[in-house]
Amino acid sequence: MVVADLTVDVGSLGGESRQVTTEENVGLRFEHRDTEIDGSLVDRVWRTRSGAEETMTSAARTCWQLVLSRTQGRLHAGLRGPETRATTAPVPPDTEFLGVRFAFGAVLRPHPGASVVDGYVSFPVTESGRIVIGGEGWEAPTFENVEHLVRRLQDAGLLVPSHLGDGEQVTGRSGASPTERTLQRRYRAVTGLSRTAVRQIDRANAAATMLRDGLDWHPVVETLGYFDQAHLARALRRYVGCTARELQAGGFAAMSFLYKTHPGPGS
């Protein structure tokens with residue numbers, strides 16, 4: 001896999017220059033960038049285009065994504081929920097993809113994380129190409145102007161941060177002290193996952209990133225707290241869908257590139 005950092009001028013975002021990272025893997029070339037949107041709402045924006053028919057291995061993830069695809073001029077849009085294990089799916093040929101990975105704990109009110117774990121919700125698209133979310137049609141975004149859609153959804157009250165650590169948000173009563181069981185229910189209702197599952201998935205994605213960047217398995221095991229090489233190998237197979245050697249070699253078939261890129265929950 002080849003990784004390059006490019007700086008592009010995104011005029012539609014106030015003329016600011018943004019760093020776009022390009023990653024090339026077998027058959028697919030990804031571009032992804034960060035955003036000036038509140039970090040409690042959006043994590044990354046990405047795009048790619050398929051050539052011939054491919055298959056993609058997608059690592060397990062704790063965040064949900066809005067995914068748009070366009071084939072022969074026809075637009076499709078949907079919500080891909082958190083995933084509890086690595087999956088392989090066909091990639092249609094000659095298709096443009098645009099994705100928005102939302103921050104861990106962010107909530108799209110019509111479709112909370114718990115309702116889309118290991119699933120996909122398709123959004124209707126009108127004849128004019130608008131995406132219907134929450135009963136209202138929204139202009140389809142581009143890689144350069146995703147922020148406009150995010151702000152509009154937020155202004156409409158459809159997209160909100162979760163406040164997972166806010167006890168008052170959990171109980172609805174000022175000064176109340178929520179029980180651990182209440183916090184766990186709230187956590188699962190918002191994210192669709194238990195805290196243990198989030199830690200395991202995030203740790204495996206962090207390991208994949210370290211191995212992909214050329215580290216040997218020894219420092220990965222030591223840094224991330226795996227028991228031994230076998231423990232790491234089992235986690236990679238389940239959550240990432242490949243081996244440490246395949247990650248280090250960079251020749252593994254087209255794979256979701258959005259690994260763990262920051263501290264704290266979320267991948």
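Let me begin with a definition: two residues are in contact when they have heavy atoms within 4.5 Å of each other. With that in hand, and bearing in mind that what we have here is a predicted model, I can say that, among contacts in the protein chain between residues at least 6 apart in sequence, 64% join residues at least 24 apart. The chain itself has 267 residues, of which 44% are buried, and its secondary structure comprises seven helices and 14 strands.

Let me turn now to the empty space. Rolling a probe the size of a water molecule over the atoms shows where such space is left. In this model there are three cavities of 30 Å³ or more, and I would like to take the second largest, whose volume is about 50 Å³. Its lining draws on several stretches of the sequence, including Thr-62, Cys-63 and Trp-64, then Ala-103, Phe-104, Gly-105 and Ala-106, and also Val-190 and Thr-191. Sorted by class, that lining has seven nonpolar and four polar residues, with no charged residue among them.

One of the lining residues, Cys-63, deserves a further remark, since cysteines invite the question of how many disulfides the structure holds. The number is zero. Cys-63 counts as buried because its relative accessible area, 2%, falls under the 20% cut-off, and Cys-242, with a relative accessibility of 2%, is likewise counted as buried.

From the cavity I move to the second largest pocket, which holds about 270 Å³ of space. It is lined by 14 residues, and those that lie nearest its centre are Arg-47, Arg-70, Glu-96, Phe-97 and Leu-98. By class, this lining has seven nonpolar, three polar and four charged residues. As for secondary structure, strand 4, covering 42–49, strand 6, covering 65–71, and strand 9, covering 95–102, each contribute at least two residues to the lining of this pocket.

Finally, let me look at Ser-50, which sits in the loop between strand 4 and strand 5, the latter spanning 54–58. Is Ser-50 buried or exposed? It is buried, because a relative accessible area of 2% is under the 20% limit. Which residues, then, is Ser-50 in contact with, once neighbours within four places in sequence are left aside? They are Leu-28, Val-91, Pro-92, Pro-93, Asp-94, Thr-95 and Phe-97. For Asp-94 we can be more specific, in that its backbone nitrogen lies 3.2 Å from a polar atom of the Ser-50 side chain. Phe-97, for its part, appears both among these contacts of Ser-50 and among the residues nearest the centre of the second largest pocket.

Key. Residues are numbered from 1 along each chain as its sequence is written. This is a predicted model: local features need pLDDT of at least 70, side-chain atom pairs count only at pLDDT 80 or more; totals for chains, interfaces and linings use all residues. Side-chain values use heavy atoms; hydrogens and water are left out. On a 1 Å grid over the protein atoms alone, a cavity is a set of points where a 1.4 Å probe fits but cannot get out, and a pocket is an open set with protein on both sides within 12 Å along at least five of seven lines; lining residues have an atom within 4 Å of a point. Grid points are joined across faces, edges and corners, and a volume is the space filled by probe spheres set on the points. Ala, Val, Leu, Ile, Met, Phe, Trp, Tyr, Cys and Pro count as nonpolar, Asp, Glu, Lys and Arg as charged, and the others, Gly among them, as polar. Helices (H or I, at least four residues) and strands (E, at least two) are DSSP runs, numbered from the N terminus. Buried means under 20% relative accessible area, exposed over 50%, partly exposed in between (1.4 Å probe, protein chains only). A polar contact is a pair of N or O atoms within 3.5 Å; within protein, one must be able to donate a hydrogen and the other to accept it, and residues adjacent in sequence count only if both atoms are side-chain atoms. A disulfide is a pair of cysteine sulfur atoms within 2.5 Å.
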